[in-house]
Amino acid sequence: MTGHSHHHHGSEHGGTDAHSHSHGHAHAMHAPPADAPAMYDAAYAAAQPAPGGRVITVDLEAREADWEFVPGKPARVWAYNGWVPGPVLEGRVGDVLEVRLTNSLPEATTIHWHGLRLAAPMDGTDSVQRPIAPGETYTYRFLLRDAGTFWYHPHMNETVQLERGLYGALVVRGADEPELDAERVLVLDDVKLDRAGQIKPLGGLVERHDGRQGDTLLVNGDAKAELTIAAGQIERWRIVNAASARYVRLSIGGRPFTLLGTSGGLLGAPVQVTEVLLVPAGRVDIAVGPFAEGETIQVESLKYYRGTIARSKPVTFATVRVDAAAPSKAVIPATLRPIEPLVTGPATPTREVHLGEKPSLTKGVRFFVNGEEHHRDAPVKLGELQVWDVMNDTAMDHPFHLHGYFFQVVSVNGEPPAFLSWEDTVNTPPKSRVRIAWLPDDRPGEWMYHCHILEHHEAGMMGHFAVVP
Ligand code: C2O
Ligand code: CU
């Protein structure tokens, strides 16, 4: 393996100059380890496709662009390749994805590959790499190990960089996926626009407490999204919630639909529902339809109160129009994949993670893990089963996200979940105990977990830990 060294920068760029772009939050305190460049090179070389797999090479440029959320009203955004969301990256299990990111933004950035089980040096956080300065190009390269609907976004100055449009979906297909009539990727977001149609700068206390909820609802960057579906057909929709803080209590006009997968890929078996809760950073794969010709159906978020200062309102994301009938070949198998429980019975927790909040004279509100902003948590040993009690000590919901490993929810307030699933993000309701289990099976290095409400994440409601041999 030679010829790739010009794609990335190594130790010669050492130093912390890029941190001059940090925005007053505490990110700069987590610098990558001194041997990060060597670990990066090893991870790069080790990322080889499985037999029959390909290397998929993608160039992304993060830059300013004009984007019409609302037709005729271009907004100044930050976007990958000029698109909000960025391009849908697609691969199959066993492929290697190599992404060359050029930073043409006025500030440093990184890309985090949300939900992927990749080597720690490719995780795109400032715990494992030096931020990519303006003008630099940096290469991420990793094996796609798992089928599912994932996404990518910066892990720097998130309340600005994601809010302005830097995010995209990443779809990985497995060997035997359910065969439906069509597939769509729907990335949901909400933005707050001023009268001129520009994204408003972050507001005051309410936004810092609640997280920003915009009033312009987007599907794939479009505030007036319309979908057309053929009568009689059943489609697979891969839905990503890329909003900063909005909880999407997803309803398809109140019609029944089928839940096929969640953040960690397919469920063991399909589940019939009429709604599903999609927390910030959450994903669902659903089977939608069949509908009758001429019907009009709203894709909406029902009222969901998450303990915020601001009130909760139902909103509509898109309108579905049902066209002339087309034949269906859709088959939803009775079982999707085997999922073995990591623990049976109540299990003994190995760790408690407390999500906390406190009023503050200077900041209005502060967010913690175990009483600390950017908590340094104890290391985790390779191969040792983790059973964590995530304790939400606050009066609002927080979506808990673990980097690099899927977990199973064992119980919520002592009650087992309705079905077993793999997840990378899960809701923690107010004053709750959410017991999760996960296995640090391999991939030692620096990892983290955090609330995925971006304002809480940036305020330090997160923990950093190492997976060690
Ligand atoms: Cu999508 Cu650390 O997050
Ligand atoms: Cu939170």
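1. Start with W113. In this predicted model, setting aside neighbours up to four places off in sequence, W113 is in contact with L89, V99, L118, M122, D123, Y140, F142, W151, Y152 and L170. Worth clicking through that list in the viewer.

2. Where does W113 belong in the wider packing? The largest nonpolar core has 60 residues, and W113 and W388 are the ones with the most contacts inside it. Strand β1, residues 55–70, gives the most to this core, with 4 residues. Another core lies apart from it and has 30 residues, including L227, L278, V288 and A318.

3. On to the sheet. Five strands make up an open sheet in the order β21-β20-β24-β28-β26, and the pairing is mixed. Its edge strands, β21 (364–369) and β26 (408–412), each pair on one side only. From one strand to the next, the twist averages 20°.

4. A closer look at one edge: β26 and strand β28 (residues 432–438) run antiparallel and are joined by 4 bridges. Which residue is the bridge partner of S411 in β28? That would be R435.

5. Last, H464, which sits in strand β30 (residues 462–468). Buried or exposed? The relative accessible area of H464 is 2%, so this histidine counts as buried, the cut-off being under 20%. Leaving out residues up to four places away in sequence, H464 touches H30, S127, H374, H375, R376, D377, W447 and M448. If you're checking side chains by eye, note that H30, H374 and H375 are among those contacts of H464.

Notes:
Residues are numbered from 1 along each chain as its sequence is written. Chains are lettered from A and ligands numbered from 1 in the order in which they are written. This is a predicted model: local features need pLDDT of at least 70, side-chain atom pairs count only at pLDDT 80 or more; totals for chains, interfaces and linings use all residues. Side-chain values use heavy atoms; hydrogens and water are left out. A nonpolar core is a set of buried Ala, Val, Leu, Ile, Met, Phe, Trp, Tyr and Cys residues joined through side-chain atoms within 4.5 Å. Buried means under 20% relative accessible area, exposed over 50%, partly exposed in between (1.4 Å probe, protein chains only). Helices (H or I, at least four residues) and strands (E, at least two) are DSSP runs, numbered from the N terminus. Contact means heavy atoms within 4.5 Å. Two strands pair if DSSP finds at least two bridges between them. Axes are lines fitted to C-alpha atoms, for helices over the stretch in contact, and angles run from 0 to 180 degrees between N-to-C directions.
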